[in-house]
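Q: Please take me through the inside of this protein, one step at a time. What sits in there, and how do the parts pack against each other?

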Amino acid sequence: MTNAIPPVFALRCQVQQYDWGKLGVDSSVAQYAGYAHGAAVSADQPYAELWMGTHPNAPAIAQAPGHAGVDGRPLGELVTAQPTRLLTDGVASAYHGDLPFLFKVLSIRKALSIQAHPDKVLAAELHARRPDQYRDANHKPEMTIALTDFEAMCGFRPASDIMLNVQAPELVRLVGEDVIKRFCDAANAAEAAYNAEDDANVKRTLSDLFGQLMRSDRDRVEEAVTKLCARFARLPAANVRGSLEETIIRLNGQFPGDIGCLCPLLLNLVQLQPGDALFLSANEPHAYISGDCIECMATSDNVVRAGLTPKFIDVDVLVNMLTYTTRSVEQVKVTPQPWTRALGGAEAIPLAHTAVYDPPIPEFAVARTLLNNASETFAGVQGPSVLIVTHGSGRLSYRTPDGAKSDEELILRAGQVYFIAPDTVITLAGHAIQDEADAFQCYRAYCEV
């Protein structure tokens with residue numbers, strides 16, 4: 001037995017069983033928990049989130065048999081005890097001695113709330129004002145990578161799209177012609193000047209429009225949603241999965257008469273295929289609708305909600321915090337890039353089987369590796385990383401930071417999660433398979449300073 005922390009060790013991660021989660025083995029979260037740890041899966045229970053990090057709401061637990069001072073301890077305790085070894089001095093200094101990101105898997109059966117995450121300034125204010133609802137003072141930018149076909153609302157539509165959608169008579173009666181006209185006048189003027197997406201007047205009038213909508217009387221909202229859905233149900237598009245009409249009708253089935261059912265008129269509807277990604281910056285409205293995904297975020301649990309939820313709603317805060325930037329669907333997506341972590345030469349050599357999703361924030365990036373009867377060796381990352389196997393099976397071997405090769409070779413299968421210490425060289429190998437659909441796949445979140 002030893003107290004030394006190994007460069008690579010497994011994590012037992014906790015499942016969150018929120019009501020909106022997929023049921024039983026339909027949930028990737030349940031599959032991973034069952035495959036990796038032998039957990040029993042109940043067919044009628046929701047399995048919504050798998051948390052892989054140090055957040056106190058559901059901390060990961062180290063699994064390192066033979067290492068008495070490591071095995072069974074929360075990851076956060078280990079990081080606090082040895083920040084230089086597990087974070088690097090730079091990461092520890094920048095992020096208060098903690099892992100700067102929270103890695104998750106989500107499995108969504110029922111839409112999540114219309115929400116946004118505060119920036120650091122607002123997070124501190126909300127935490128001081130309502131610590132019962134906003135339990136930390138950190139911001140929460142996040143990135144979503146689809147594991148299955150995935151649906152979301154993300155950011156405000158381009159102004160030209162909003163102008164068309166707000167002509168719906170049910171919406172006009174609800175919010176009033178004047179507020180709609182002011183927005184349309186501003187958008188038309190900005191479009192004539194070729195500057196619709198960044199125009200301050202467009203943002204101001206869109207804020208007025210969205211605020212009027214979200215603060216509408218509940219009974220009038222229910223009436224508007226009911227009439228809109230009845231009209232949409234008569235249209236051919238109501239039978240097309242993911243269309244505006246079908247999505248609003250489906251949301252009304254989950255949350256009858258809720259204000260969030262009208263939000264797709266203003267917010268982008270995004271359809272992701274496996275491997276597609278979104279980045280959700282602070283103060284941008286969004287909602288996940290269905291599917292399974294990898295999610296990575298700054299370590300925080302701050303959410304400001306305003307619809308499609310039984311939880312605490314803070315409409316005024318949400319309306320006042322948003323940037324009201326209008327963007328197309330393609331502008332909210334993140335395109336993976338080659339990851340230049342190959343050994344054997346300059347760092348500019350890209351890896352053959354790995355790409356990285358690198359959002360415009362310092363807390364995290366996420367690498368995706370796909371292997372079929374192949375292997376890939378990664379230079380050491382100058383910071384902490386967490387890896388989850390999402391498909392297939394393979395092997396992991398590693399070298400310690402001093403260059404010594406470990407005799408240990410880890411057998412990998414779907415659902416397993418590992419912490420990888422800074423400067424550790426790892427090799428991943430996928431097993432030979434007959435069908436490409438069975439290829440080894442993993443995602444690795446990391447931070448470098």
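**Inside the predicted model**

A: Start with Cys293, which is buried: its relative accessible area is 0%. Keep in mind that this is a predicted model. Does Cys293 have a partner, and how far away is the closest cysteine sulfur? That closest sulfur belongs to Cys296, and it is 11 Å from the sulfur of Cys293. A disulfide needs two cysteine sulfurs within 2.5 Å. So 11 Å is too far for a bond.

Now take Cys296 itself. Its nearest cysteine sulfur is that of Cys447, 9.5 Å away, and Cys296 is in no disulfide. Cys296 is buried too, with a relative accessibility of 1%. Widen the search to the whole structure, and the count of disulfides is 0.

Next come the nonpolar cores. The largest one holds 60 residues. Which residues have the most contacts inside it? They are Met153, Phe156, Phe183, Leu209, Phe210, Leu213 and Met214. Helix 8, residues 177–192, gives the most to this core: 7 residues.

Pick out Phe210 and look around it. Set aside its neighbours within four places in sequence. Phe210 is then in contact with Phe156, Cys263, Leu266, Leu318, Val319, Leu322 and Tyr324. Apart from the largest core lies another, of 47 residues. Tyr47, Leu87, Ala92 and Phe279 are among its members.

Back to helix 8, and to its packing. Two packed helices are described by the angle between their axes and the distance between those axes. Helix 8 packs with helix 9, residues 200–214, at an angle of about 155°. Their axes are 9 Å apart. An angle over 145 degrees counts as roughly antiparallel. So helix 8 is roughly antiparallel to helix 9. Their crossing is left-handed.

Which residues make the contact? Helix 8 brings Val179, Ile180, Arg182, Phe183, Ala186, Ala187 and Ala190. Helix 9 brings Asn201, Val202, Thr205, Leu206, Asp208, Leu209 and Gln212. Two names should look familiar: Phe183 and Leu209 were listed with the most contacts inside the largest core.

There is a simple rule to have in mind when you read such lists. An α-helix has 3.6 residues a turn, so residues three or four places apart point the same way.

Now compare a second pair of helices. Helix 10, residues 218–232, packs with helix 11, residues 244–254, at about 135°. The axes of this pair are 10 Å apart. That angle makes helix 10 oblique to helix 11. Their crossing is left-handed. On the helix 10 side, the contact is made by Val225, Leu228, Cys229 and Phe232. On the helix 11 side, Glu245, Ile248, Ile249 and Asn252 take part.

Stay with helix 11. Is it mostly covered or mostly open? It is mostly covered, with 8 of its 11 residues buried. The buried ones are Leu244, Glu245, Glu246, Thr247, Ile248, Arg250, Leu251 and Asn252. What covers them? The cover includes helix 10, helix 6 (159–165), strand 10 (150–156), strand 11 (267–272) and strand 13 (286–298).

Loops can hold buried residues as well. His55 sits in the loop between strand 5 (49–52) and strand 6 (61–63). Its relative accessible area is 7%, so His55 is buried. What is around it? Leaving out neighbours within four places in sequence, His55 is in contact with Leu102, Asp136, Thr299, Ser300 and Asp301.

Finish with two loop residues and their backbones. Most residues other than glycine have a negative phi. Asn283 has a positive phi, near 65°, and is not a glycine. Asn283 is in the loop between strand 12 (277–280) and strand 13. Its relative accessible area is 8%, so Asn283 is buried.

Asp423 also has a positive phi, about 65°, although it is not a glycine. Asp423 lies in the loop between strand 23 (417–420) and strand 24 (425–430). Is Asp423 buried or partly exposed? With a relative accessible area of 32%, Asp423 is partly exposed.

Key
Residues are numbered from 1 along each chain as its sequence is written. This is a predicted model: local features need pLDDT of at least 70, side-chain atom pairs count only at pLDDT 80 or more; totals for chains, interfaces and linings use all residues. Side-chain values use heavy atoms; hydrogens and water are left out. Buried means under 20% relative accessible area, exposed over 50%, partly exposed in between (1.4 Å probe, protein chains only). A nonpolar core is a set of buried Ala, Val, Leu, Ile, Met, Phe, Trp, Tyr and Cys residues joined through side-chain atoms within 4.5 Å. Helices (H or I, at least four residues) and strands (E, at least two) are DSSP runs, numbered from the N terminus. Contact means heavy atoms within 4.5 Å. Axes are lines fitted to C-alpha atoms, for helices over the stretch in contact, and angles run from 0 to 180 degrees between N-to-C directions. Angles under 35 degrees count as roughly parallel, over 145 as roughly antiparallel, 65 to 115 as roughly perpendicular and the rest as oblique. A crossing is left-handed if the near helix is turned anticlockwise from the far one by less than a right angle, and right-handed if clockwise.
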